[in-house]
Structure formats: C-alpha cells, structure tokens
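I am opening a notebook page on this structure and will write down what I look up, one entry at a time.

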Amino acid sequence: MRSLEELKAIKEKAEKTISVRENTGAPTITVAMGTCGISNGAREVLNAVIEELNTRGLANIHVTQTGCPGLCHKEPIVTITVPGKNPYMYGKVTPENVKKIIVQHIVNNQPVTEWLVNLEE
Amino acid sequence: MEFYRSHVLVCAGTGCTSSDSQLVRRELLKQLAEKGLDKEIKVVETGCFGFCNLGPIMVVYPEGTFYCQVKPQDVNEIVEEHFIKGRPVQRLLYHEPDKETRTLEFDNIEFFRHQKRVALANCGHINPEVIEEYIARDGYFALARVLHEMTPQEVIDVIKKSGLRGRGGGGFPTGVKWEFASKSQGDQKYVVCNADEGDPGAFMDRSVLEGDPHAVLEAMAIAGYAIGANQGYIYVRAEYPIAVERLQTAIKQARELGLLGKNIFSKGFDFDIDIRLGAGAFVCGEETALLTSIEGRRGEPRPRPPFPAVAGLWGKPTIINNVETFANVPPIIRNGWEWFASMGTEKSKGTKVFALAGKINNTGLIEVPMGTTLRTIIYDIGGGIPKGKKFKAAQTGGPSGGCIPAELLDIEIDYDNLTAIGSMMGSGGLIVMDEDNCMVDIARFFLEFTQDESCGKCPPCRIGTKRMLEILTRITEGKGTPEDLTNLETLAKTIKNASLCGLGQTAPNPVLSTLRYFRHEYEAHIYDKKCPAGVCQALLTYKILAEKCRGCGLCARNCPTNAISGKVKEPYVIDVEKCIKCGACLEKCKFAAVIKE
Amino acid sequence: MSCQCQCNAGNEPGIYTIIDQIVEKYKGQAGSLIPVLHQTQQALGYLPENVQAYIAEKLGIPLSEVYGVVSFYTLFSTVPKGKYKISVCLGTACYVKGAGDILAEFEKQLKIKVGETTEDGMFTLEACRCLGACGLAPVLTVNDNVHGRLTAQDVADIVKKYAEDK
C-alpha cells in the first residue's frame, strides 16, 4: 500500500459490491413477481433491469421483488421508489422500455408519465 | 464489478458450521446455478451473527430478511418462493418466543434491537475472507489516519481519553498500557494479541477472529506504531481451527496489499504479524504465561513487576491486548475518542460483548453499552428462561468470576459494579442458571476446573484449590460438616492473597460469591443432607407417590438393580437400600408418579 | 486428525525425514519448539519418547525441556489415540445443560474411562475445555465434526454411526 489514494480507490470499488447490504436510503426498483407477473414476462424484465444497471455501473440501487399487487391486467408491474418521494408504479413493462424507465426516472429523475399505471382508467 | 440484485449472507461461524451451514450454502449455490440466478444473486459467507442457537442463519439483502434454522431441504423453497417470486418463506422467519407473529427484517428482532455493535459491527455483515469488503466498511482507514496525521503519542492520548479498558478480564486502561510500553527503552518491541480465549462459556474473541479478522490486524499495526514495535504475534487456541484459517487468509491478503510488511503507506513504518498456536493450557491466557508459551516453553506465569511493558517477550517491551480490546481500536481512531466515551458508564466506556448461554431462550453473542442492566440482557435480549422456570443466578467472569443472584438483576453491568458484588467482568461469558442448578455443585465445577488447570508453580494455588475442591466434593456427597464452611473461607482468603498469578488469585471467587448469596444451599447440604435443586446424586432419594402410581410396572422393568417391587395395578415401592439413583424410573414413568427429593 | 496407519509410528525410519522437514521450516526462529511439536503430532498422531529425543537433538535443546513442554500442554499426547477422538465439552454452558450425563453415557457404552482408548483402537474418549459453541450446548466433537444439542439418548447413535464407518 503506497498511499491513501490507493486505499480509497479500493474502497470505492468494493463499496459498490456491498452497497446492496447497506440501508442507505437508495432508490428501489421493485418487480412484481406473482404468478401473473411471471407469466407475463416479469422474469425477463428483471433480467433487463440488472443488465441495464450493470451496463451503466449504477450500484447504489436496490432491486427487489414482490408478489402480485392485484392489478393482474397491468402486469408486468415495476415500482420505483425514491426515498422521500411517492412510489411510481409502471404497468405493462417490457425489457425494452424498462431500460428507458431506468434512464429517465433514476438517472434523470424524470418519471416516464406515459407508462405509469393510471388507476382511474 | 458485477452488480447483483441480491446478496445472501450465510453464516460460516463455528456455531452455524456445526449446524451444517456449509451444506446449506452448497445446496443454495447449486440451485441458483440450475435456475440461472447465479449472475443476479450472490452468496456470501460471513461471520457470526450472534444468534447461534437458531443456526444455520441466512440473511437476504436488500430486504434484510432473516431466516433461521435453514436446512438443505429448505433451500428449494427459498429459491422458488423468495428469489423467483419475491415472497419470503414465512415458516423460516424468526418469531419472538412469546409472540405469534414472525419478524421479517432482522433489525426489528428484539434480540438485535437492544444491542449496540462496535466490536461486532462487521460480524455477519462482511465476508471475512475478502479484504476489500473490510476496506469498503472503512477498514484500514484508521491505520492510514494514524500514519498520515498522528504522532505515536497522539495515538496513545486518543486511546487514553476514550477510556477503553482491557476486555480480557482485568479491565486495565489500554492507553496507559501502551504508554508504559512506548516509554520503555528497547531496540525491539512487540505487540501481542491474546486470543487464548479459555473462559468456559466465552466465545466472543473467536467470533471476532472468524467474522472480522482484519479489524484485529489493523489495530495491532496501530498499536505497533504507537509503541514503536514492528512485529506482532497472535496467540490463538488450537481448538479454534476456523479462526486460525481466517487469520492466515487475512494476514496473507493484508501482506499482498502492503497493509502489513515494509514501508506501509510509504510512511517508513514496517509491521508484520505471525500466528502462534496454543496447546490447551488455560493458564496461558495469563499474560506472563502466554509470553513464555510463545517463547516455546512451559506456560508458567512469573511474578510482576517487571511488567511485560518493560520486559516482556524475550525480555523486550511488549504490550498484550485481548481480541475484543483490539477490535475497538480502529472505530475509536475513525470516530474519535469523544464518540466512544459517550457510551457506557463513568468508569467503563464503550460497549461490551457477552456470550449468553445456559438456561436462556436466546443463546448467542450480544454487544451492549456498558451499564446495561442484567435484567435487560436476560429478559429483553435473552428472551427469558426456557420452560417457565425461575431465574436463580447469572455467572459472569468464568472461573474467576462469581454468581449474581436474582436480587441484583437491576445492577448496571460495568467493571466496578461487578467487582463490588464479588464477581468480575472477565472476558464476558454470561451463563444463566435456573432453579434446577445447584450452586454448591456449580462452585465445585469451577474449582475442579481451576484445580485441573493450575500450572502447579505456586503452592497456594496448587495445594489450596485441591483442598477446596475436596471440601466441596465432600459437601455435595452429604459428608459436609459445619467447620467446612469456615475452612473454605479461610482457604479462599489465603489463596487470593498468596497466589502468584491471576488464575490463583481469582480461583476462590466462585466459592466466595455462592457462599455470599446462596449460603442456605450449602447449609441445606450440610445440616439437612438435602440438595434443594435435586442435582447432587448422593443426597437424593427416589420415591413413588402411591396416589399417582397406576401400577403399570414399567419402572420395575427398567430398574437395573431390581430395587422396585409391587403388584400390577397396585402402587409400586422403591427399596432405597438397593436404589443406585440412576433416574431410569423417573424418566420412564408416564404418570409422573416417581419423584426425587 | 490422528495417525491412522497401522505402522509402528515411533520406530518408522521415515518419521525422522518428516521431522527434519518440519524443523527445517523453523530454522533460526526463536520459540520454534511448540510449532514443531504441533506439526509432528499432526503427522504422527502422537509424540513417543524417541520422537521427543530426536526433536531435542535437532533443535539443540535438552530432552528434559522437550518432555516438560509435552507434558505441560494437554493437546500433546505421548500415547496413540483412537481413530475417532470423542471430546465432550465440559464448559460451563454445556455442564449446566447436562454434559456430565453425556460423558457418563459414553463411558458406559464404550466401556472405557475418560482419557482412555477402546481396545480395538476405534475410539478415544476425552473431556475438553469450552469449544465456544455454547449456543448449541451440550456439544462434543468427533475428530473435526461438531455435534450439538445432545441428550444422553443420542450417545448410542453417535457411537453406532462412527463404529460402522471403519
């Protein structure tokens, strides 16, 4: 170990690996994985989420799953929760548009209103 | 860097390994690979969570779902339900002993809620075999800070002001010890870590070594810088194979990254560490005995002064600190002495790790601020006494400590309070006893231990403990006389005053404290020839209650000495002359008609 | 793990080569006696007199000192151990939860006393100091395997399990 900078570099890299275990108030992407969700392609959506986070090197994001939220006709459903803000629920998500959702909502902080679940529909 | 959506932490401490956590981990890896989930879910081996009786333990992040007593055959359900469908497996969640509901996240479990983790902060959170995970949690930044910003004297001052005291037993102020060694003249000095955890019922040092070995290495290097030493030794019990292995891995990784070795952080500071294995001698936990053992000789203590800080290993100035003491050092440097001193009581700062065991619902490892009451530890964290039995005593300090009775449950635990009531902190074993434990028998048990482990160098300990053990054995056999109690007290005083080392000086404590708080039990053994708890075989008689006996004859058929006779469907009788008190009848009786008194 | 071969370990010429290799690793290091004894015992299973004498000669220290160290530490043994070493923990937590009954049951089943080895060389029964697995009390180890949460009724099964595994 030559310098403090070297140690800091190791820390920064390693922090990303274990951030999933820290309760840091990171944004959470929740994929609904009930039977209906899975049969509508929630699994592929989840894979796309992970792929996109990997490509963009976004480590401080929690990805989790939940059961059926009861809106089976809107599946696959993805909910994005940014701490301190109301959760946003997206319906009929596909592997392609989930990538756009991540870029717009999480990176640029602009929810993609057109795909949000509208409960009054 | 790979992003994993979920980390599954599987405990690989000794407790969980004994409950087959390795089989669970292998099954999990296999199933994740089969389902193609191995790229999104990472399985991490980690150190002890402290909740050993619920092992094997598994925690799923980011949710923090806490699964306990997971068996290999449960893995399929966890994978199918939790990882594929996102539904936690309810039946494997923890539930509080007295409640119906199950708790999902482990931060909400009572056992963890009252705790404050400093020394155990990383245990159960990082993979102890990956140095990067320790660094991610600010590991080695304390060492970086002392080398970049502090003089050795400043390091000593911080430790002194923090109020940190030795966690291994005596409670000597750590900073003062370091200062002595730093002021001693010597071309060569040493830092020694005492990991010869010998107190029965204490296993916190092993858990730190298994769960967070780098914390100890970092602290030893800091100590080396403070006193001017460049060589460290860790003296660890050979009975702790997992801990030894993790230490070896940790030392290797630290050397590879240049955090041990020559010219650390380019600051001209060299420090390296070697491991020395103990060979099964309790007395080697005593510092001077430990040093002679590292030197390769019989581990016998020697008189102090000179203290090791002046003349220690191979006659050179040496500091010896216990594992838990060292584990507190990096957090103190990182967070400042004020932070540490804000926890605890006036004279005992910080937190203390206790190993809860014996007759208690939640056995395991806990860390609480100094000054927490015994009641909080036993009832709120420990979940109380199993089977609705009554609390009788808590034993702290191992063979050097004493038994604390129910009247003192509200005492705030710190070094000085425990000493005042005739016990001691020791290394932090806390064993709970209920109404079924006989205190005379417990005192005899500890004396048997110290007598067996006495190294034999000084007569008060060698001969005195032998005599005490003989008297105690006599009392438990119903042959005690009233003079025995005064003789025990006289012997105890002599041994305390005249023994060479801590082992002998504290050996009478278990007897003195039980005599102080449970004298009536001794008297019952001596005068009434009865053991109130029903433990001491020689003082028991077995009896069949005529009104409960249905005359089935099962007891008679199981009696090895044909001491039970009677006619079918009529009450049976035990012949006390023939009875060898094996208890077979009591165990077999379906109607609770056999009693011992 | 103790020596499992049928050789007369104490007189086997090969053992001296093994000891030479072990001593070589610690050449010039102070305090090497205990590590050398640990590794020699690991290789041979025990430390008979001729082995102690050879180590004394190699390290240049009196045999009395080597013997003093071997007899001081309970982990060193001068007699061979059984194929399976059963160590019943007699730490406080195990004791208050009935480890004494378990030890007595082993003595009964194996027909040996603590510290002895069965005639067929299968089992050595020992009482050991706290293993630190107090959460699982009472516990015992058979070689490196830990068995926990035991009752006296489990003893027969444990003996049977290992006895079949010749």
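I began with a single residue and found that A:T30 stands opposite A:T64 in β2(A). The strand β1 (residues 28-32) of chain A is joined to β2(A) by five bridges, and the two run parallel; strands here are DSSP runs of E with at least two residues, helices are runs of H or I with at least four, both numbered from the N terminus, and two strands pair if DSSP finds at least two bridges between them.

I noted that the model is predicted, that local features need pLDDT of at least 70 and side-chain atom pairs pLDDT 80 or more, while totals for chains, interfaces and linings use all residues. Residues are numbered from 1 along each chain as its sequence is written, and chains are lettered from A and ligands numbered from 1 in the order in which they are written.

Next I followed the sheet in chain A, where four strands in the order β2-β1-β3-β4 form an open sheet with mixed pairing. Because β2 and β4 (88-90) of chain A stand at the edges with a single partner strand each, one side of each has no neighbour in the sheet.

Then I turned to the chains, taking residues as in contact if their C-beta atoms, placed from the backbone, lie within 7 Å. I found 27 residues of chain A in contact with 31 residues of chain B, and on the chain A side α1(A) gives the most, with ten residues. No contact joins chain A and chain C, whose closest C-alpha atoms lie 26 Å apart.

How values were computed
Contact = placed C-beta atoms within 7 Å.
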